[in-house]
Amino acid sequence: MDNLSDTLKKLKITAADRTEDCLEGCLDCLLQALAQNNSETSEKIQGSGILELFANLLTPQSSCTAKVANIIAEVAKNEFMRIPCVDAGLISPLVQLLNSKDQEVLLQTGRALGNVCYDSHSLQAQLINMGVIPTLVKLLGIHCHNAALTEMCLVAFGNLAELESSKEQFASTNIAEELVKLFKKQIEHDKREMIFEVLAPLAENDAIKLQLVEAGLVECLLEIVQQKVDSDKEDDIAELKTASDLMVLLLLGDESMQKLFEGGKGSVFQRVLSWIPSNNHQLQLAGALAIANFARNDGNCIHMVDNGIVEKLMDLLDRHVEDGNVTVQHAALSALRNLAIPVVNKAKMLSAGVTETVLKFLKSEMPPVQFKLLGTLRMLIDAQEAAEQLGKNAKLVERLVEWCEAKDHAGVMGESNRLLSALIRHSKSKDVIKTIVQSGGIKHLVTMATSEHVIMQNEALVALALIAALELGPAEKDLESAKLVQILHRLLADERSAPEIKYNSMVLICALMGSESLYKEVQDLAFLDVVAKLRSHENKSVAQQASLTEQRLTVES
């Protein structure tokens, strides 16, 4: 190490004189010392003040540039050396060197920048602002035959792509084209994996999704799936998963999804369809998720339902009822839910037997599956007949009431409440109301009327008004114990309540007058005062309903 101290002293002098031969010797000694004991040598370098001199040595003309960049790359492997490198002003000259023609200089410069900025979002953001992304993309194109340089670029892309601010810059380059070109040439699993690690964060950006589709990435991914589907090698299974996951990610962009759907005639869409009946769980999952993504607009949904996709998804779900794969269940139910959104699809899906298939999963204890099951049923029951049939299914209603209390899973709780309300609103059936009363569902509908979401409040109030109009007797006790009248008073008195909430609350008050005990509560709470104020409400419907309600209250009293 004494030898190192001499080298550092000598380096200070030669760096100032720019005597290239002596300089090379000193730099070689430093690299040797770093190879033997990186941490200790780095500390000595920091203490010597030599880092500040390196900025002047990083010039394209100097023959020592690659070695200086290599030393910076080596010392920056130590976390404690990164800030000193930044403070010594090394970032700017290193970035300039990315324009060099010398491949060794480029490689060492890339390593140095990568190590100095490692794990620092603020430094990486600085690099992005200095324009390194277009420069690196250009380098990848020029030096694609240099394996070490290619790898350096990929590592840099992988780090920078994690930053949101990088995506726009990447989108304005031909990165998609370059990566797909590179991907097609790779045979080794490890090299492809490196490219995948760059593609995944980049493909989160919609503009880049489309560029990747146009550059032919999907064809590469489908080829990998075909090659690996029957393999039981760990690497192949992992690559199959990565490729099919990336395929699904590309379908999350509206433009890229429509391009691949091609009116339902696209070869990609047809290939994805063939994954659903496959025996490979990963492909079943990717296939169902892909269908859920294709089913993001009405035209696609109608085409797919008319061409038999529902039967394929039902067969898939049937294979996963007993001890099934939860992610596949969730994905297939997501697809069915999306397909059920267009009005014309609902009757077709009901007659295909979708509700029967979906109800097989009522016993599931997995909240994600419960959530999608509820969403699918809610989408399907716009028709009176379907709502009545399901609403009289005591097993379903009991499970809904149970899930209405799933406080740990707000989504499941919300969907259960909405489905309960929808069964009443769409069936308008006394038998459905009786089933819900017997299962203890009334209190949940009353609680739903206090939801922070206006749409849910409204759905609850309409359902409660139907209960009061059609089957008030059996529900009376539950409505009392759930404190419905007090809640309605609060909704009417609260200035923040939406007009439709005030309107439906008054409709409900009128309907409750058929019950002696509930009507007594209405009288005790001085509703007349609150309602009278609403006669001058700016919303015409609210003002009219206030007049009608006031008349009813006055007549009855």
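This tour proceeds from the whole chain to one residue in a helix near its end in sequence, glutamine 545. The model is predicted.

**The whole protein**

Begin with the entire protein selected and coloured by secondary structure. The viewer should show 38 helices, while the number of strands is zero. Next, display the C-alpha atoms alone and orient the view along the principal axes; these atoms fill a box of roughly 110 × 55 × 40 Å. The radius of gyration of the protein is 34 Å, whereas a compact globule of 557 residues would have a value near 24 Å.

**Surface and interior**

Now switch on the molecular surface. The protein exposes about 25,200 Å², and carbon and sulfur atoms supply 50% of that area. Of the 557 residues, 55% are buried. Contacts may be considered next: among those between residues at least 6 apart in sequence, 72% join residues at least 24 apart.

**Charges**

Select the charged side chains. The protein carries 54 positive and 75 negative charges, and the mean positions of the two groups are 4 Å apart.

**Helix H38 and glutamine 545**

Select residues 540-556, which form helix H38, and then glutamine 545 within that helix. Is glutamine 545 buried or exposed? Glutamine 545 counts as buried because its relative accessibility is 9%, below the 20% cut-off for that class.

Finally, show the residues around this side chain. Leaving aside residues up to four places away in sequence, glutamine 545 touches Tyr503, Met506, Val507 and Cys510. Displaying these four together with glutamine 545 completes the tour.

Methods
Residues numbered from 1 in each chain as written. Predicted model: local features only at pLDDT ≥ 70, side-chain atom pairs only at ≥ 80, totals over all residues. Heavy atoms only, no water. Helix = DSSP H or I, 4+ residues; strand = E, 2+ residues; numbered from the N terminus. Rg over C-alpha atoms; globule rule 2.2 N^0.38 Å. Buried < 20%, exposed > 50% of the residue type's maximum accessible area, 1.4 Å probe, protein only. Contact = heavy atoms within 4.5 Å. Areas by Shrake-Rupley, 256 points an atom, 1.4 Å probe, with all protein chains shown as cover. Lys, Arg positive; Asp, Glu negative; His and termini not counted. Charge placed at Lys NZ, Arg CZ, Asp CG, Glu CD.
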